[in-house]
Amino acid sequence: MLKATLLKATKAGGDVLKQYFNGSFEISSKSSVNDLVTEADKNAETAIFSVIRENFPHHFILSEESGEITSDSNIKWIIDPLDGTVNFAHGIPICCVSIGIEQDGEMILGAVYNPFLDEFFFAEKGQGATLNDKRIRVSTKDDMKKACMVTGFPYTWKEYTHSPIDVFEYFVKRGQPVRRLGSAAIDLCWVAAGRFDGYYEHSLNAWDAAAGFLIVEEAGGKVTDFKGHRYSPYQRTLIATNGLIHEPLVDIVNGKY
């Protein structure tokens, strides 16, 4: 029932996004001018909540738009109804619904759905990861110099010892491909699918990565914080790779060139 509800809720959120895409909708800003929220975010969240509450009315929910809806349940739904809102607002079809389910502090289920590319990523703890019901695996590239990377930049800037620009500059000056898609959840899923070899980001929230990091791990990849420690969605920094280039990437984001 938990898995079925997750799949249904994720699909329901995606259906709402499709209704608004390339249409007319209200947009407002949150923490900064480009930290956006739209009608689609809010209505997708409503649709997701409706499915969850129908079956699990007392579960804990953490969602980007509504914050924490607390309970004493040992199951928590961590929801981003629209990851990649800036892309969505500009008609760029790299955006998605992302929902992770945590039980007793451990992520057990994750789903990421991009309705515009018709890609549904799913993982269950210990059961592997899939894209549209077909098993996926991380890449097998073991040469950091030949790796294709993806990253993201924070909406609000603060002083970092080794800033996102410093790390980006390191790769660019060496002619190494680094992409910036604008959706952390999709970045993670594309690492899981072997499209990217590694991903790093300096400032994330729980809803950005809760589902995606489980999908990477279940696809055979490795996910840590910037110090190389086991990742938790409540940490701000994240490195996800195929595992073969993980240590070199940890060194690079920490300025150990």
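I count two strands as paired if DSSP finds at least two bridges between them. With that in hand I turned to this structure, which is a predicted model.

Entry on the sheet. I looked up strand β11 (residues 149-151) and strand β13 (residues 198-201), and found that they run parallel and are joined by three bridges. Within this region I noted that valine 150 stands opposite tyrosine 199, the latter lying in β13. I then followed the pairing outward and found an open sheet of five strands, in the order β12-β11-β13-β15-β14, whose pairing is mixed. At its edges I noted β12 (178-179) and β14 (222-224), each of which pairs on one side only.

Entry on the helices against the sheet. I saw that helix α5 (residues 184-192) packs on the sheet and touches β11, β13 and β15 (238-241), and that its direction makes about 155° with that of β13. I also looked up α7, which lies across β11, β13, β14 and β15 and runs at about 150° to β15.

Entry on the helix pair. How do the axes of helix α4 and helix α7 cross, and within what distance do they come? I found that the axes of α4 (residues 164-173) and α7 (residues 246-253) come within 9 Å and cross at roughly 120°. The two helices are therefore oblique to each other. For the residues that meet, I listed Val167, Tyr170 and Phe171 in α4, and Leu249, Ile252 and Val253 in α7. Sorting this contact of α4 with α7 by class, I recorded six nonpolar residues, with no polar and no charged ones.

Technical notes
Residues numbered from 1 in each chain as written. Predicted model: local features only at pLDDT ≥ 70, side-chain atom pairs only at ≥ 80, totals over all residues. Heavy atoms only, no water. Axes fitted to C-alpha atoms, helices over the stretch in contact; angles between N-to-C directions. Helix = DSSP H or I, 4+ residues; strand = E, 2+ residues; numbered from the N terminus. Parallel < 35°, antiparallel > 145°, perpendicular 65-115°, else oblique. Contact = heavy atoms within 4.5 Å. Nonpolar A, V, L, I, M, F, W, Y, C, P; charged D, E, K, R; others polar.
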